[in-house]
Amino acid sequence: MTGTRTQVVWDYAPAPESPDHVRLRDSYGLFIGGEFRDPVDGERVPTINPATEESVAEIAFAGPQDVRAAVEAARAAQPRWAGLSGLERGKYLFRVARLIQERARELAVVESMDGGKPVRESRDVDVPLAAAHFFHYAGWADKLSYGVGGREVAPLGVAAQIVPWNFPLLMAAWKLAPALACGNTAVLKPAETTPLTALLLAEICQEAELPEGVVSIIPGDGSTGATLVRDPDIDKVAFTGSTSVGKDIQAALAGRGVSLTLELGGKSANVVFEDAALDQAVEGIVNGIFFNQGHVCCAGSRLLIQESVADVVVGKLWERMGRLRVGDPLDKNTDVGAINSREQLERIEELVDAGEGEGAQRRTVACELPDRGFWYAPTIFTEVAPAHRIAVEEIFGPVVSVLTFRTQAEAIDKANNSAYGLAAGIWTDKGAKAFEVASALQAGVVWQNTYNHFDPSAAFGGYKESGFGREGGPAGLRPYLRIA
Ligand code: NDP
């Protein structure tokens, strides 16, 4: 023995994932009719790495004529695509799924460079789940009527699909895989700040020899999305994003007979009862709110703790938050990466200021943040009242608001006291209690003793202002089918 060890200090050596294997083009066109094209009336803008504020590549944004061209290509391709047998369509989807797996490392690195999320998450969650969604719906393509209770089905036609910046590749997979399996063609608009993995997916569609026009990918800003949903020749809109834009789309489609699914925001309650395994619950709370910097529509951003254990849970949580590693998204040890954009950082700061202004107690982890890029250290609010903005509005950042309750009935009332209803978590050792509470919660997804757990075979979607329609599993086929 050489000396007495009184303390073990764990630290991590840097473990950066190399971007050397990534072969990005300097500039990307619009993917329309099976090829990359220059925009006719759009512009070219750089896409920024939020961890460095440096440009990663230049991206073509679609103007109104480009949107029209994409919808025309989708319309022209739809009858032949729908005319293929389900088995044949399934083969293409299996091919896309396998190509995503083959290019998994590259996709994970690009996702983290373009969006700021830790590469551990893009590698272990986003990319494998994107492949899993294509595998799942490839399997459904020749069994569609079994997915809807044995009824006759037909595709809707052309689907316009708009996805946000928090899970760019995964949301593209959630939208494209069921649409294509059902015999629809699709025009997908990725978010302005994170178009790159969708464009790599366009390359994958080419590699898979998907017939031209079956998938078009047209990056752009909100105006591109607004033009797309107003195109007179679409049959279906699938949107994931903010509630305000969702409402705008719903108004634009009113009376047009275009089918619509909306997956909007949330202020999901993560409910911890006194009989829960508290250490396990703390891990679930961390996963619920700090996963993907809290840029998660179903984030457990309202933490409801039973009063008798509130101090203990908050103490353990605060201690655990201090051990989260914030920084370089490409470091495999990083837990919390960069905030997706300057605008999102400003939104988080504005709401946190409002929380302090309204009298809640704020604690933010003291950690070194990089000089450049957009960062927000993990933050907890206690002394939160149900009417505070931080208890009501979606912060969409690494910020958790803690409220307490005394009884099961109060927990249910407080959890349901929201305009949203996307997800919820329940932490208890009592199975019967979990079922009773779950059935009383107005939330599309309820997790018990876990959080942010996704599976392509499980339906996902909201209640109230969190939207309508389901994605995932057989329920995810319905929004893309005309059912006789
Ligand atoms: P948006 O709803 O604006 O963005 C979602 C997608 O819709 C993006 O592709 C966006 O393009 C596009 N879009 C924007 N305006 C229109 C329009 N008028 N018609 C059609 N499409 C449009 O979300 P934000 O990025 O502005 O984020 C704002 C807030 O929304 C966040 O702070 C968060 O609270 C919430 N949000 C919720 C998400 C969820 O998963 N439920 C996902 C993202 C955000 P562009 O990228 O160019 O803006």
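**Close-up 1. T197 is a buried residue, with a relative accessible area of 0%.** In this predicted model, T197 is found in helix α7, which covers residues 196–207. So who does T197 touch, leaving aside its neighbours within four places in sequence? The contacts are L107, V110, E111, P168 and L169. Two of these names come back in the α3 view: L107 and E111 of α3 also take part in the contact with α4.

**Close-up 2. Helix α2 packs on α7 at an angle of about 125°.** Here we stay with α7 and bring in α2, residues 86–102; the two axes are 9 Å apart. At that angle, α2 and α7 count as oblique to each other. The crossing of α2 over α7 is right-handed. On the α2 side, look for V96, L99 and I100; on the α7 side, the contact is made by L201, I204 and E207. By residue type, the contact of α2 with α7 has five nonpolar residues, one charged and no polar ones.

**Close-up 3. Helices α3 and α4 pack with their axes 8 Å apart.** The pair consists of α3 (residues 104–115) and α4 (residues 119–140), and the packing angle is about 125°. That makes α3 oblique to α4. The handedness of this crossing is right-handed. From α3, the residues involved are A104, L107, A108, V109, E111 and S112; they meet V119, S122, R123, D126 and V127 from α4. The contact of α3 with α4 breaks down into six nonpolar residues, two polar and three charged.

**Close-up 4. Seven strands make up an open sheet with mixed pairing.** Reading across the sheet, the order is β14-β15-β16-β13-β12-β17-β18. Which strands sit at the edges? Those are β14 (361–364) and β18 (445–448), each of which pairs on one side only. Neighbouring strands of the sheet are turned by 20° against each other on average, direction ignored. Zooming in on one pair, β12 (residues 269–272) and β13 (residues 302–306) run in the parallel sense, paired over four bridges. A handy landmark is A269, whose bridge partner in β13 is R302.

**Close-up 5. Helix α11 lies across several strands of the sheet.** This helix spans residues 307–321 and lies across β12, β13, β14, β15 (379–382) and β16 (399–405). Relative to β13, α11 runs at about 130°.

**Close-up 6. Side chains alternate along the edge strand β18.** In a regular strand, side chains alternate between the two faces of the sheet. In β18, V445 and W447 point to one face and are buried, while V446 and Q448 point to the other face and are not buried. The pairing partner in view is β17 (residues 423–427), joined to β18 in the parallel sense over four bridges. To find your bearings, look for G425, which stands opposite W447.

**Close-up 7. S466 sits in the loop between β18 and β19 (467–468).** Is this loop residue buried or exposed? S466 is buried, with a relative accessible area of 0%. Leaving aside neighbours within four places in sequence, S466 is in contact with L262, E263, L264, G265 and G266, and also with Y420, G421 and L422. For a sense of scale, take G315: the C-alpha atoms of S466 and G315 are separated by 31 Å, and the two residues are 151 residues apart along the chain.

Terms used
Residues numbered from 1 in each chain as written. Predicted model: local features only at pLDDT ≥ 70, side-chain atom pairs only at ≥ 80, totals over all residues. Heavy atoms only, no water. Axes fitted to C-alpha atoms, helices over the stretch in contact; angles between N-to-C directions. Helix = DSSP H or I, 4+ residues; strand = E, 2+ residues; numbered from the N terminus. Parallel < 35°, antiparallel > 145°, perpendicular 65-115°, else oblique. Left-handed = near helix turned anticlockwise from the far one by under 90°. Contact = heavy atoms within 4.5 Å. Nonpolar A, V, L, I, M, F, W, Y, C, P; charged D, E, K, R; others polar. Pairing = 2+ DSSP bridges. Buried < 20%, exposed > 50% of the residue type's maximum accessible area, 1.4 Å probe, protein only.
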